[in-house]
There are 2 protein chains.
Amino acid sequence: MDSKTYRERRERLRREVPDGGILLLGLGEPPRNYAANPYPFRQDSHFLYFTGVARPDAALLLTPDGGEIFFAVPGDLDTLVWSGAGPSPAELAAGAGVAQARELSQLPAAIAALGAAAVHYLPPYRADQTMRLAELLEITPTAVGAGASRALIRAIVGQRSIKDADEVAEIEDALGVSAAMFRAAAAAARPGKTEAEVAGAMQGAALAHDRQQALLPIVSVRGEVLHNNSYGNTLKAGDLLLLDYGAESPRFYASDITRVIPVAGRFDERQRAIYQVVLDAQLAVFAAASPHATNRELHFVAAKTIAAGLKSLGLMRGDVDEAVAAGAHALFFPHGIGHMLGLDVHDMEDLGDAVGYPEGEARSTQFGLAFLRLAKPLEPGFTITDEPGVYFNPPLLDMWAAEKRHAHFINYSEIRHYRRFGGVRIEDDILITADGARMLGPGIPKTPAELEELLRR
Amino acid sequence: MDSKTYRERRERLRREVPDGGILLLGLGEPPRNYAANPYPFRQDSHFLYFTGVARPDAALLLTPDGGEIFFAVPGDLDTLVWSGAGPSPAELAAGAGVAQARELSQLPAAIAALGAAAVHYLPPYRADQTMRLAELLEITPTAVGAGASRALIRAIVGQRSIKDADEVAEIEDALGVSAAMFRAAAAAARPGKTEAEVAGAMQGAALAHDRQQALLPIVSVRGEVLHNNSYGNTLKAGDLLLLDYGAESPRFYASDITRVIPVAGRFDERQRAIYQVVLDAQLAVFAAASPHATNRELHFVAAKTIAAGLKSLGLMRGDVDEAVAAGAHALFFPHGIGHMLGLDVHDMEDLGDAVGYPEGEARSTQFGLAFLRLAKPLEPGFTITDEPGVYFNPPLLDMWAAEKRHAHFINYSEIRHYRRFGGVRIEDDILITADGARMLGPGIPKTPAELEELLRR
């Protein structure tokens, strides 16, 4: 990706949103516990997509006459002493292929010259963006969200949804780091170690590659809590350890991988059986992934494979199709099969359901299906995750059991034996091709045999 | 620290700010590149100090009649599935020793009942706090900063500045993790490795202890750039590697340590000489630290020791006292000698100069002295950093040399030989006692002999 790539992306955006100005705001440094103590800076993904500029405090304005103005903050003596002399606004603009560079302090005047009402902008996801937009557009903070441009959202969703070869290569690069992170985690995961020790080894491996993580990693023997970000438990021989984590590529594309490790080094019989159900579902989804399917259809491929597998284990019963249509499987598989992946782990999630749902189609409110982020017809160039799971969440089991919910499909008496099982999720990243799908990355051990081989010490 | 501690702290605060309501807002989760992808959560330090509650989305309101109301968000079905069932508002309140608990959604009504004008609040450092306060107090976001309570700021600075034994123990606990981080870094720092590999080893060690870092670490062979947070360089045998980093304790108190490692395993002659100048300054400051001194005086102890040392090496000349009074030493030592340390690395920096300067006394604008964050008389119970440094920043050297600035004190022709030297800073954390000072923590190798012994392979 060079300045030509960014220029072409902007030209296409300009063609698709021909009228008015287009404002893309870069992010500022996010304060942790006081202003001068920031979290590691991560640029806004849209700003990265259209400029490649990863430094804080920048903005891009496309004017209706085809002009482009890049705004940034020039350095001063304090910058020199504290941060080192960085690139000038003109140098940053040149890297993005933008001819005009100005100081960020001139952005309000440039917006005013266009007329704030004629400026397309994206919905903010951080309060500092909201306040900045309110100032620039001279509207109240509460009016900012409603004024975001639907035309701009649609155009960007269209562009960013289809990854080119360079973008796919970035995701595969991030997956290479994921593979190294997994090896570090597997080496650290032994009985008596804490989740934190495994997390430290895994995250240290990403940092050693000078990569930030794409998400807060999940490193948990309580994998049934889907986004469990605490690391306080000590690993025991009978535990399953769930790792859901990602790294960023040099250009900030994400990987997103989930693996489950038997802490003992070998799966016991029950673990092996549930693991196989999830693996069957994951492979069935991969086999069905193509431009001929919608992602909702893939979700149901997973749901039915899981329901059939759990039926064979005596945990579910009755007709599989009916059970899935009723949502009974969601007791065990309460989330969606996957989501778009790109510059964001949940790619473009800040743009809302325009990303995952065809216009005019609303999300289901059914438990489980409500968390399906992507339901659209798949297209060549989509990069998505394939991540089914089976979980035994005791409070949820108790709640459903007390109501006898879907009792003709769920064998509550058998489930009692699985109360302390935890959860299994297996996740890979895939590319939709012209006639099917390709598994991305170097391959990370996934079958029980591969995992047990890796864990042999 | 238990609920009694927090209750006593609030009772003292209430006595010192007797009129009106006192609102302390906990922080929300900070979004990274979209709302559902947050940075690791860190609670606001004032909220931690007065409640101990480290979970997001909480608030505390002290009413003028001595009442206390704790606000938090109760869990729902989604919380159960995604994050696990957490403590209820009542359980969180009980941990903080607060009798009354309500849902956070009831905070606006509680504020309105008091009358927003009668509510003391602290100045915000994040935009989400600003927007929240504007909504709660029914004022514009731009009016929020000016309305912050000076009485509340003064009272909290008074309380938090003096650490009790439990707080000192927390800082020392964090220093224990710092020691482990330093060992990991020293083991990784060899010629041919990257700064990122050292940073990964060091940060991985903190994470393995389930600790967040108190600041973005500096791991740089270009230590002359004071807050250099890039990790792209490869270590060479002649380099000095500067590490400035900190960990948090279980109750979120910070450590802040700087060490410099000769990548070759041994200092060369010039490195050893400059290192010794900085070490002499650091030890002179420690020897002078007591309730009988101001921190500005400690700053000048460091400045004079550095100027005298650099004079003995032929880099400065003339009268040392005159050189320091003129600010000539700041070419090499452009920052302050240290700052308060506690729940924040720069403790209470969000409260402004009330923390470090006596009322009515303004910071100097002289280059170097302008960065002295703490100038006050020291008091028993202060925990502060002692961190002198000597740097050779080529663009800064060129700028001063071109102007012949302070040429009667600075030997510019000799400095040319140090252009690629980099920088040395040595930092420890100290407690002011009744009649002197105590070095905190387990001790981390610091003398050239100790460092070379550690690096022997």
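Let me start with a definition: two strands pair if DSSP finds at least two bridges between them. Keep that in mind, as we'll need it in a minute. And a word of caution, everyone: what you see on the screen is a predicted model.

With pairing settled, let's go to chain A. Where does Y245(A) stand? It sits opposite I257(A), a residue of β8(A). That couple belongs to a longer run of contacts between strands: β7 of chain A, residues 240-245, is joined to β8(A) by six bridges, and the two strands run antiparallel. Now zoom out a little. β7 and β8 are part of an open sheet of three strands in chain A, ordered β6-β7-β8, with antiparallel pairing. Which strands are at the edges? Those are β6, at 218-220, and β8, at 257-262, and each of them pairs on one side only. From one strand to the next, the twist averages 10 degrees.

As a quick reminder for anyone who lives mostly at the bench, strands of a sheet pair through backbone hydrogen bonds, either parallel or antiparallel.

You can find the parallel kind in chain B. There we have an open sheet of five strands, in the order β4-β3-β2-β1-β5, and its pairing is mixed. At its edges stand β4 (100-103) and β5 (119-120) of chain B; each has a single partner strand, so one side of each has no neighbour in the sheet. Have a look at β1 of chain B, residues 21-25: two bridges tie it to β5(B), and these strands run parallel. If you'd like a residue to click on, try I22(B), whose bridge partner in β5(B) is H120(B).

On to the helices, beginning with chain A. How do α11 (residues 269-288) and α12 (residues 295-312) of chain A pack? Their angle is about 150 degrees and their axes are 9 Å apart. Anything over 145 degrees counts as roughly antiparallel, and α11(A) and α12(A) are therefore roughly antiparallel to each other. Their crossing is right-handed. On the α11(A) side the contact includes I274(A), V277(A) and D280(A), and on the α12(A) side it includes L298(A), V301(A) and T305(A). By class, the residues of this contact come out as eleven nonpolar, two polar and one charged.

Still in chain A, α5 (residues 107-114) and α6 (residues 127-137) have axes that come within 9 Å and cross at roughly 55 degrees, and these helices are therefore oblique to each other. Here L107(A), P108(A) and I111(A) of α5(A) meet R132(A), L136(A) and L137(A) of α6(A). That contact has five nonpolar residues, no polar ones and one charged.

Over in chain B, α9 (residues 165-188) and α10 (residues 195-208) pack at about 150 degrees, their axes 8 Å apart, and are therefore roughly antiparallel. This crossing is right-handed too. Among the contact residues are V177(B) and M181(B) of α9(B), along with E197(B) and M202(B) of α10(B). The classes are eleven nonpolar, no polar and one charged.

Finally, how do the two chains relate? A turn of 180 degrees, with a shift of 0.0 Å along the axis, lays chain B on chain A with an RMSD of 0.0 Å. That is the relation of a two-fold axis. In chain B, the C-alpha nearest that axis belongs to G204(B), at 2.1 Å. And 100% of the interface residues of chain B are also interface residues in chain A, so the copies meet through the same surface.

Technical notes:
Residues numbered from 1 in each chain as written. Chains lettered and ligands numbered in written order. Predicted model: local features only at pLDDT ≥ 70, side-chain atom pairs only at ≥ 80, totals over all residues. Heavy atoms only, no water. Least-squares fit on C-alpha atoms with pLDDT ≥ 70 in both. Contact = heavy atoms within 4.5 Å. Helix = DSSP H or I, 4+ residues; strand = E, 2+ residues; numbered from the N terminus. Axes fitted to C-alpha atoms, helices over the stretch in contact; angles between N-to-C directions. Parallel < 35°, antiparallel > 145°, perpendicular 65-115°, else oblique. Left-handed = near helix turned anticlockwise from the far one by under 90°. Nonpolar A, V, L, I, M, F, W, Y, C, P; charged D, E, K, R; others polar.
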